[in-house]
Amino acid sequence: MNEHAILSLSFILLAGMLCQWVAWRVKFPAIIFLLAAGIVAGPVTQWLNPDQLFGDLLFPFVSLAVAVILFEGSLTLKIQNIPGLERVIRNLITIGAFITWMITTLATRTLLDFSWSVSFLFGALMVVTGPTVITPLLRTVRPKENVASILQWEGILIDPLGAILAVLVFEFIVSGGGVEGSFTAGLVVFGKMILIGLLFGAAGGSLFGFLLKKFWIPHYLHNIFALALVCVVFAVSNVFEAESGLLSVTIMGIWLANSKGLELDDILDFKESLSILLISMLFIILAARMNLDAFIDLGWPALAVFAVIQFVIRPLSVHLCALGSKLTMNERHLLSWIAPRGIVAAAISALFAIRLEYLGYQDASRMVPLTFLIIIGTVLLQSTTAGPLARFLKVAEPENKGFLIVGANAVAQLIAEELKKNGIRTLMTDQNWSSVTEAKLKGLAAYWGNPVSEHAERNLNLMGIGNLLALSPQVELNALAAQYYRLEFAPSSIFTIRNAQPTAGTAETKTAFKYSGRVLFGESVTFQDLEHLLHQGAEMKTTLLTEEFSYEDYRDQQGDTRNSLFAIDPNAAVHVFTDQPDFVPKAGWKIIALAVKKAA
């Protein structure tokens, strides 16, 4: 028995990571593959039975996992990122939620003949979208900042509020529904949930922020302490008022995200990794509990409910909530299309269905497969179409092919100019005013200031930027920038130029910077070398390779000395030459090099 439990848990972890990897490769939200894995492991093969595996710990585990996911998402919610959009977000989580609730309830009652009680409960569940599906979708779609901010805030805030709404409806049902006084009692419960959530969330955020500012927690315990405190705040809130914990941890995260003087990058990085793990496990576990026969028996009326939610309710809700806002019509159209349902709907529907079935509500058992149909339908449809739609509406960010260049010196300017000529976006940053001014006069985008300052974090527009070139003559600044931006860019996309030839042997190891990025243009090329070539009259040249003129021919060509710097493939992706290049230029590629004519 123990061996089977260990094997099952190991399978869930491995399958979850494989699904995440496949999603990364094909650029689809991982939930599609996670749900498929859970369905195959559970109802199809009967290999995984979560109720038997976890027993009474199943739903406490699900509840804690959802709390951690919401806390991680709320840590990214900074008020400064939504200037002018506050009203739209507020409308979506209030007016929009009410519209979704009411129309979904009517559609469910009319099309599927659910009881009014279960219809109202299902309508409340469909209010939530959630960061578990929104965040992966945003990574794939890459909409403009206005759309991304609204979807992110809506997804995170609507999760606890939608959960509270569902709990209120459930409490109303089990308390007798139409019995006199139950409505008033429901309002009292709602008020207590909001009060407890705000109180414990603010208290938890204040306490953790105070401990961080006083340096009373060692750095290596920051992540674990934050995780423990989130779990405690969630649990204690639920003790004082059932189901208020989700709101508490959300408020705690928002409080910390907007507290001044707190360094949360490491905590956020840890929580993001933990959230990916928990999301992967949760979707597989909950999908494995699904009853396929009940799913199929829903028939065409369930598809009609899905169509109402996707094509009627969401567009109506968004366009009403966006009235008078600064959002363009195309941005509103994209918002109207994106509202996938996620883990909170799946978890709460499973929990409440069991309790309602026990109380004699026969149609409650159909609520879970209907919830999963809406989850699968919205995620599949929106994940496959939202990207092309965003590009068609011209509200998608450009692909992250551009370069943030640390340094606006002559070498950096020459490189930026040539990249710009080839259609590659560049953004230069330097603390030297004259260098920045000179770069701007050449038509180059440049920021005057320290690239690792708080001001740069707020004002650097990294839209379309996916690589870092540290081209400053200051070795410490290059290393610091590489370290600072390693959470923003992939390690393989951070490049630092050498400022001196490495000392062979032990000295090189002792003096090397950790996380300083890949060596730009090779071990033998230093900043001083490039600067010297410029003084010799070197020029940047872009050469197209063909079937008749290969890269080998290019390297062997006589007449000038060439230092290959970049290669651009036919898909306009830029590859940087390093000491160990992971690409081989072919016909159709372009080579950017610094060339010096040889003396006759």
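Two residues count as being in contact when heavy atoms of theirs lie within 4.5 Å. With that in mind, here is a way into this predicted model. Among the contacts in the protein with a separation of 6 or more, 76% join residues 24 or more positions apart. The chain we are about to walk through has 600 residues, and 51% of them count as buried. Its secondary structure comes to 24 helices and 10 strands. As for the surface, the protein exposes about 27,700 Å², and carbon and sulfur atoms supply 61% of that area.

Let us start with the sheet. Six strands, written as 6 in the count, form an open sheet, and the order to follow with your eye is E3-E2-E1-E4-E5-E6. The pairing in this sheet is parallel. Its edge strands are E3 (446-448) and E6 (518-519), each of which pairs on one side only.

Now move inward to strand E1, residues 402-406, which is joined to E4 by 5 bridges, the two strands running parallel. E1 also pairs with strand E2 (residues 426-430), again in the parallel sense, over 4 bridges. A good residue to look for here is Ile 405. Its bridge partner in E4 is Leu 469, while in E2 the residue opposite Ile 405 is Met 428.

Strand E4 deserves a longer stop. How many of the residues of strand E4 are buried? For residues 465-470, the count is 6 of the 6, so strand E4 is largely enclosed by the rest of the structure. Buried here means under 20% relative accessible area. E4 pairs with E1 through the 5 bridges already described, and with strand E5 (residues 494-496) in the parallel sense over 3 bridges. One of the residues to pick out is Leu 468, whose bridge partner in E5 is Ile 494. As you look along these strands, it helps to remember that in a regular strand the side chains alternate between the two faces of the sheet.

How does the chain get from E4 to E5? Helix H21 (residues 475-484) joins these two strands in a β-α-β unit, and that unit is right-handed.

Further along the chain is helix H23, residues 527-535. Which residues of helix H23 are buried? They are Phe 527, Leu 530 and Leu 533. These three cover an arc of only 125 degrees around the axis, which puts them on the same side of H23. After the helix comes Gly 537, whose phi is positive, near 95 degrees.

Positive phi values also turn up away from glycine, and they are worth a look. Most residues other than glycine have a negative phi. Asp 113 is not a glycine, yet its phi is positive, about 60 degrees. You will find Asp 113 in the loop between helix H5 (86-112) and helix H6 (116-125). Is Asp 113 buried or exposed? With 58% relative accessibility, Asp 113 counts as exposed. Lys 394 is another residue other than glycine with a positive phi, near 60 degrees. Its place is in the loop between helix H17 (367-392) and E1, and at 65% relative accessibility Lys 394 counts as exposed.

Next, turn to helix H14, residues 299-321, where Arg 314 lies. Because its relative accessible area is 9%, Arg 314 is buried. What does Arg 314 touch? Not counting residues up to four places away in sequence, Arg 314 touches Leu 92, Leu 151, Glu 154, Ile 309, Leu 335, Ser 336, Ile 338 and Ala 339.

Val 308 lies in helix H14 as well. Leaving aside its neighbours within four places in sequence, Val 308 is in contact with Ile 103, Ala 107 and Ile 313. Val 308 also shows how the fold brings distant parts of the sequence together: Thr 104 is 204 residues apart from Val 308 in sequence, but the two are 7.7 Å apart in space, C-alpha to C-alpha.

The last stop concerns the cysteines. How many disulfides does the structure hold? The count is 0. Among the cysteines, Cys 19 counts as buried because its relative accessibility is 8%, whereas Cys 231, at 24% relative accessibility, counts as partly exposed.

Notes. Residues numbered from 1 in each chain as written. Predicted model: local features only at pLDDT ≥ 70, side-chain atom pairs only at ≥ 80, totals over all residues. Heavy atoms only, no water. Buried < 20%, exposed > 50% of the residue type's maximum accessible area, 1.4 Å probe, protein only. Arc of directions from axis to C-beta. Disulfide = S-S within 2.5 Å. Areas by Shrake-Rupley, 256 points an atom, 1.4 Å probe, with all protein chains shown as cover. Pairing = 2+ DSSP bridges. Right-handed = clockwise from strand over helix to strand, strands pointing away.
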